[in-house]
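Work through the exercises below with the model open beside you. Try each task before you read its solution.

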Amino acid sequence: MTLHKLIAASLLLSSSFSALAEFELIHNVKGYTLTRQGDLKTFSTLVFKDGKVVRTGDEGLLKSYSQAKKIDGKQHVLLPGLIDAHGHVIGLGQNLVQLELRNTRSKAEIGEQLSRFAQDKSGWIIGRGWNQENWPTKQFPTAADLDKYVSDRPVILSRVDGHAVWVNSKAMALAGINSNTKAPAGGEILRLANGEPSGIFIDKAEELIRVHQPKPSKEQLNAALDAAGKHLLALGITSVHDAGIDYPTWQIYKERDAAHTMPMRIFAMLSAADPKLETMLQAGVYKDQQDFLSIRSVKIYADGALGSRGAALIDDYADRSGHKGLMLESQEKLEQLFELSFKYGFSANTHAIGDMANHTVLDAYENTFKKTGGKLLRNRIEHAQIVTPADIPRFKSLGIIPSMQPVHATSDMHMAEQRLNAMQLQGAYAWQSFLNQGSKVAAGSDFPVELANIFDGLYAAITRMDHNQQPELGWRNNEALSRKDAFKAFSLDAAYAAHQEFKLGSLEQGKWADFILIDQDIFTIDAADIYKTQVLETWLAGEQKYKR
């Protein structure tokens, strides 16, 4: 062989070894993934390269990829990175540094926490998480209840669902609120017996206070994004559908994506309430080549929430005669927003909780599709909590994806039984009914309304019980999901709802190597233990981003 041929052969051999060395391989795992057909597949070895899945298989792959970098999975369970199809990223990040009231059980307990929190704080005191349904009285509080603890600075505390705020007298004074103040359409000011505002502002009435609240700085928004990303990756969540971003957040997301510093994958929905909505729409659909940021939908609000009696119902609330909740937008306005979204190629993802809101939104979609098209954009109804049985098939016929949060059912079940009568409950949290007709259910948590832990969501979807395994057989358990279907709702079907089923949601060839290692097998353990699952490692595009 000539010297030239020897050199060529040597270079060829060297490049072959170099190419093989670029492969990475994690083995000795109990792996699960769905196929595109929805079947559950097991494996013990995952091979990936350049951040993408090459193949899955058995331990024989160690020989086939002998030069690959090998990682011992130590017999842990491996799953695709989980997807939360409805959360609020910046809200979560902010919540991590604000007054947290989620587990409080009385006004007095909140007052004590508020006093401690306010000691080293100046300016507005902001918190979230109170829920009067967890208190002995179950009655809405008043500004006077806060004044006893903090009266020299404005206090604004969001209800756990984000659809009501409780403020002190200082906040109302700064906002110029008095007995003559009228609630805007789509909002309600709760009042005392003498007609004075009580300190509770529901849905669009919140803006009477919030417009005076200091806006977060760019640095604070970036810090919130980083804090939320760190928190979510530790929970095994590699992708989030961010349900309603404003203009400053839209700018920051694009800046961070251009700098390749997004902490996780985000499918962001533009907030229809933002005055610069059309400016953002005119900039067009945004999608990067690495799938860290996708912006191609609009979040629209049709009604409020059940806990604050703002969800729009066809019949009266069972526990408030003469009250049917609040429609935040008319059907005409909804159709205008749908048309505007579709004009720029954006899908419309609409918040609807009550049966009247769901019915009205479905009518609005149907009318808009007839006028302008847009049916193929994978439009969604976010929450779809209380739906009349006759309206459930319309989701399928109109191509509307029900984007639902399993933990809402177990958080709401006792309250829902009080708010709603038996007829209204027939189509409540009806996940299985949607699946039975062929709809894809995209599952999320609605963090920070609920905790972001997807294993809580899986547990709720499968059992329809609280953590004390109550009620015994599960609440309205005919709507419970199988383990595979619940897993699919937080992975492949969530990816589908974001037009990403060929990139995310499973560990198939060519998809991103987003995966997690967990400490127990959610497909074989006692269902009662699913919510206790701990994430050991989180990998994003083949890079380890979290280790317990």
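Three exercises follow, on confidence, a sheet and a helix pair.

This is a predicted model, in which local features need pLDDT of at least 70, side-chain atom pairs count only at pLDDT 80 or more, and totals for chains, interfaces and linings use all residues. Residues are numbered from 1 along each chain as its sequence is written, and side-chain values use heavy atoms, with hydrogens and water left out.

**Exercise 1. Confidence**

Find the average pLDDT of the chain and the stretch where pLDDT stays under 50.

Step 1. pLDDT is the predictor's confidence in each residue, from 0 to 100. The chain average is 94. A score of at least 70 is reached by 96% of the residues.

Step 2. Go to residues 11-21. Here pLDDT stays under 50. The model has 5 contacts for this stretch beyond four places in sequence (contact means heavy atoms within 4.5 Å).

**Exercise 2. The sheet**

Work out the strand order of the open sheet and which strands stand at its edges.

Step 1. Apply the terms. Strands (E, at least two residues) and helices (H or I, at least four) are DSSP runs, numbered from the N terminus. Two strands pair if DSSP finds at least two bridges between them.

Step 2. Start from β1, residues 24-27. β1 pairs with β6 in the parallel sense over 4 bridges. I26 stands opposite I71 in β6, and E24 stands opposite K69.

Step 3. Turn to β4, residues 45-49. β1 and β4 pair in the antiparallel sense over 3 bridges. Here E24 stands opposite F48.

Step 4. Assemble the order. The 4 strands run β5-β4-β1-β6, with mixed pairing. β5 (52-57) and β6 (69-72) each have a single partner strand, so one side of each lacks a neighbour in the sheet.

**Exercise 3. The helix pair**

Describe how helices α11 and α12 cross.

Step 1. Take α11 (residues 331-343) and α12 (residues 355-372). Their axes come within 9 Å and cross at roughly 50°. Axes are lines fitted to C-alpha atoms, for helices over the stretch in contact, and angles run from 0 to 180 degrees between N-to-C directions.

Step 2. Classify the angle. Under 35 degrees is roughly parallel, over 145 roughly antiparallel, 65 to 115 roughly perpendicular, and the rest oblique. α11 and α12 are therefore oblique to each other.

Step 3. List the contact. Residues of α11 include L334, F338 and F342, while α12 supplies, among them, V361, Y365 and F369.
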